[in-house]
Amino acid sequence: MALDGIVMANLTSEIKQRLEGGKIAKIAQPEKDELMFTVKNQRNTWRLLISASASLPLIYFTEQNKQGPLTAPNFCMLLRKHIGNGRIVNVTQPGLERILTLEIEHLDEMGDKKRKKLIVEIMGKHSNIIFCNEEDIILDSIKHISAQVSSVREVLPGRKYFIPHTTEKADPLTITREAFISLIGSTAAPIQKALYLKLTGLSPLMGTELCHVASVDGDRSANELKENELIHLHHMLTLLMEDVKEGNFTPNIVYKGEEPVEFASLPLTCMEGEGYEARSYDSISLLLEQYYASKNIITRIRQKSANLRRIVQTALERNYKKYDLQEKQLKDTEKRDKFKVYGELLNTYGYELTGGEKSLKCLNYYTNEEITIPLDENLTATENAKKYFERYNKLKRTFEALTQQTAETKKEIDHLESVSASLDIALKEEDLVQIKEELMEYGYIKGRRQGDKKPKITSRPFHYLSSDGFHIYVGKNNYQNEELTFKVAGGNDWWFHAKGIPGSHVIVKGEGKELPDRTFEEAGALAAYYSKGRDNDKVEVDYIQRKHIKKVAGAAPGFVIYHTNYSLIAEPNAALTEIS
């Protein structure tokens with residue numbers, strides 16, 4: 001779900017408790033739309049991550065440090081100049097808006113105390129981080145919004161800051177019973193939709209939750225509700241808002257199995273039962289970090305790998321078309337042997353022809369069946385035979401050439417699909433370096449210019465520890481797969497790979513011991529997870545001792561052959577402990 005006004009109220013309460021009175025020790029801008037504040041307060045050091053990403057806007061405390069670029073962006077430099085050693089004196093949220101304001105006190109060049117405001121707007125693609133003075137004049141923002149981009153509000157230095165009101169919404173923290181009945185009771189939309197359309201800060205999920213606790217059918221039109229039903233609904237809303245005002249939050253994520261489905265800062269009774277399980281968290285920041293961390297990583301790395309993905313996908317599509325055409329042409333050569341037989345039979349039975357015949361019926365001594373051979377009536381039997389032999393030889397040459405070309409195209413497709421699989425499991429920018437090097441080596445990307453340094457390779461294979469204490473390594477790309485299989489693994493170590501689909505090589509270091517069944521299952525689950533079949537319920541995985549694996553001569557890195565392997569069916573997951 002999106003981060004709504006209630007979750008923002010929870011965040012405001014947590015940030016106020018931890019940062020109010022604290023001193024800003026460090027400001028970094030790790031991404032173009034992201035800030036990291038390090039604040040010291042009450043003998044604690046807190047890191048606050050603020051992201052105005054259009055795809056995943058967030059604000060939460062984290063223990064993970066993110067380094068900024070060597071040269072800080074202008075917005076970051078401006079913040080450092082004004083509030084680099086400032087003290088956070090107030091943390092507020094206007095109503096239930098998805099807006100948080102940090103009021104910061106600092107000394108100017110003359111040594112006088114001044115105040116600035118850092119306003120964080122978490123509003124989907126309209127999210128922004130805006131820096132203002134005491135009079136709410138914008139000094140700068142992480143995203144500049146001109147009148148050409150938005151007719152509602154300009155966000156540019158020198159403009160007056162205000163909260164845009166594009167729709168008439170009431171504040172659920174202060175709305176009276178009479179106003180609620182008038183506003184909601186006159187709406188034709190379903191009641192659960194009317195609640196979040198007419199009240200600030202409520203998400204569709206909280207609209208459903210309100211209807212559930214009030215025992216009201218959320219699909220009924222709001223203007224069909226009786227007055228006593230609207231009174232009861234307002235009463236439940238008031239109780240909900242009392243928890244928000246008093247800071248009685250219960251951050252929780254609702255899971256279905258191991259998959260997180262929804263999160264909220266208040267209990268979600270509407271999702272109890274039916275295989276759902278709610279897990280509570282002590283901190284809304286911890287909740288958001290766990291819920292969104294992997295999603296944020298995937299979003300960022302997909303943005304950074306977009307160019308590589310486009311190159312691989314374009315090459316794949318081109319090779320798919322070429323392969324289909326070659327297969328079709330190859331199928332057309334299947335009739336070559338028929339022409340050879342026609343020529344041989346004409347040489348055998350041609351003496352029966354007197355000239356001018358359009359066909360010859362004779363016994364095919366290869367099948368002992370009668371056959372009809374089409375003829376060119378203007379040619380002799382010998383000339384017809386020669387013509388068929390020429391057609392046979394031409395198709396034979398075509399078949400031999402196409403067989404080789406089709407094999408090469410299929411090899412190229414397999415290689416590109418393996419690169420695509422590597423891009424799917426890349427989690428860090430450093431993981432993309434080797435993939436780019438591979439694409440460069442095979443001519444999909446223009447090589448580096450003479451004198452350019454080869455980039456330093458810092459990416460390493462995934463390293464897990466099995467439940468029984470065995471070390472498991474997973475390659476992130478073809479180069480790492482090659483190295484793991486032929487340099488890291490010993491002859492008696494075990495090798496795992498998803499059957500028949502692109503994926504990582506998984507090596508289990510046996511250390512001369514016999515592996516327990518559980519380790520085989522865990523390694524198989526990793527091989528399934530780090531493959532193109534990771535979204536399937538089950539994946540077949542081949543496993544065999546390393547000494548039986550052979551490198552394919554002339555093939556791309558990571559391509560191997562093996563025989564007499566074992567197989568198992570695994571559920572894709574990476575639930576083991578990862579060793580950094």
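In which loop does Ser215 lie? Ser215 sits in the loop between helix 5 and helix 6 (227–246), where helices (H or I, at least four residues) and strands (E, at least two) are DSSP runs numbered from the N terminus. The structure described here is a predicted model, in which local features need pLDDT of at least 70 and side-chain atom pairs count only at pLDDT 80 or more, while totals for chains, interfaces and linings use all residues. Residues are numbered from 1 along each chain as its sequence is written, and side-chain values use heavy atoms, with hydrogens and water left out.

Ser215 is a helpful place to begin. Just after helix 5, Ser215 takes a positive phi of about 55°, although Ser215 is not a glycine. At 70% relative accessibility, Ser215 counts as exposed; here buried means under 20% relative accessible area, exposed means over 50%, and partly exposed lies in between (1.4 Å probe, protein chains only). Helix 5 itself (residues 204–213) contains buried residues, namely Leu205, Met206, Gly207, Glu209, Leu210 and Cys211. As a reminder for reading such a list, an α-helix has 3.6 residues a turn, so residues three or four places apart point the same way.

Another residue with a positive phi is Glu511, a residue other than glycine whose phi is near 55°. Glu511 is found in the loop between strand 18 (506–508) and helix 13 (517–529), and with a relative accessible area of 57% Glu511 is exposed.

Charged side chains come next. Side chains of opposite charge can pair when their charged atoms come close. With a salt bridge taken as a side-chain nitrogen of Lys or Arg within 4 Å of a carboxyl oxygen of Asp or Glu, a search of the whole structure finds 22 salt bridges. One of them joins the side chains of Glu105 and Arg115, at 3.7 Å from N to O. Glu105 belongs to strand 6 (residues 99–107) and Arg115 to strand 7 (residues 113–121), so this pair ties together parts that are 10 residues apart in sequence. Both residues also take part in a network of salt bridges that links Glu103, Glu105, Lys113 and Arg115. Arg115 is partly exposed, at 30% relative accessibility.

Strand 7 is also the place of Lys117 in a further pair: Asp136 forms a salt bridge with Lys117, the closest N and O atoms being 3.0 Å apart. This pair links distant parts of the chain, with Asp136 in the loop between strand 8 (128–133) and strand 9 (138–141), Lys117 in strand 7, and their positions 19 residues apart. Asp136 is partly exposed, with a relative accessible area of 22%.

Where do the partners Lys476 and Asp431 lie? The closest N and O atoms of this salt bridge are 3.3 Å apart. Lys476 is in the loop between strand 16 (471–474) and helix 12 (478–488), and Asp431 is in helix 11 (residues 429–441), 45 residues apart. Lys476 counts as buried at 10% relative accessibility, and Asp431 counts as buried at 1%.

Charge also gathers at the surface, where Lys335, Lys338, Lys387 and Arg391 form a positive patch. Patches are made of residues with over 30% relative accessible area and no salt bridge, with like charges joined within 9 Å and nonpolar side chains (Val, Leu, Ile, Met, Phe, Trp, Tyr) within 5 Å. Lys335 lies in the loop between helix 8 (306–332) and helix 9 (336–349) and is partly exposed, with a relative accessible area of 43%.

Aromatic rings give another view. Rings of Phe, Tyr and Trp (its six-membered ring) pair if their centres lie within 6.5 Å, and planes under 30 degrees apart count as stacked, over 60 as edge-to-face and the rest as tilted. By this rule the count comes to 18 aromatic pairs. Phe263 and Tyr291 have ring centres 4.8 Å apart and planes at 65°, so their pair is edge-to-face. Phe263 lies in strand 11 (residues 259–264) and Tyr291 in helix 7 (residues 284–304), so parts that are 28 residues apart in sequence are tied together. Phe263 is buried, with a relative accessible area of 0%, and Tyr291 counts as buried at 13%. Elsewhere, one aromatic cluster is formed by Trp494, Phe496, Phe520, Tyr543 and Tyr566.

Finally, Ile371 is found in strand 14 (residues 369–374) and is buried, with a relative accessible area of 17%. From C-alpha to C-alpha, Ile371 and Ile569 are 52 Å apart in space, and they are 198 residues apart in sequence.

Notes:
Areas by Shrake-Rupley, 256 points an atom, 1.4 Å probe, with all protein chains shown as cover. Lys, Arg positive; Asp, Glu negative; His and termini not counted. Charge placed at Lys NZ, Arg CZ, Asp CG, Glu CD.
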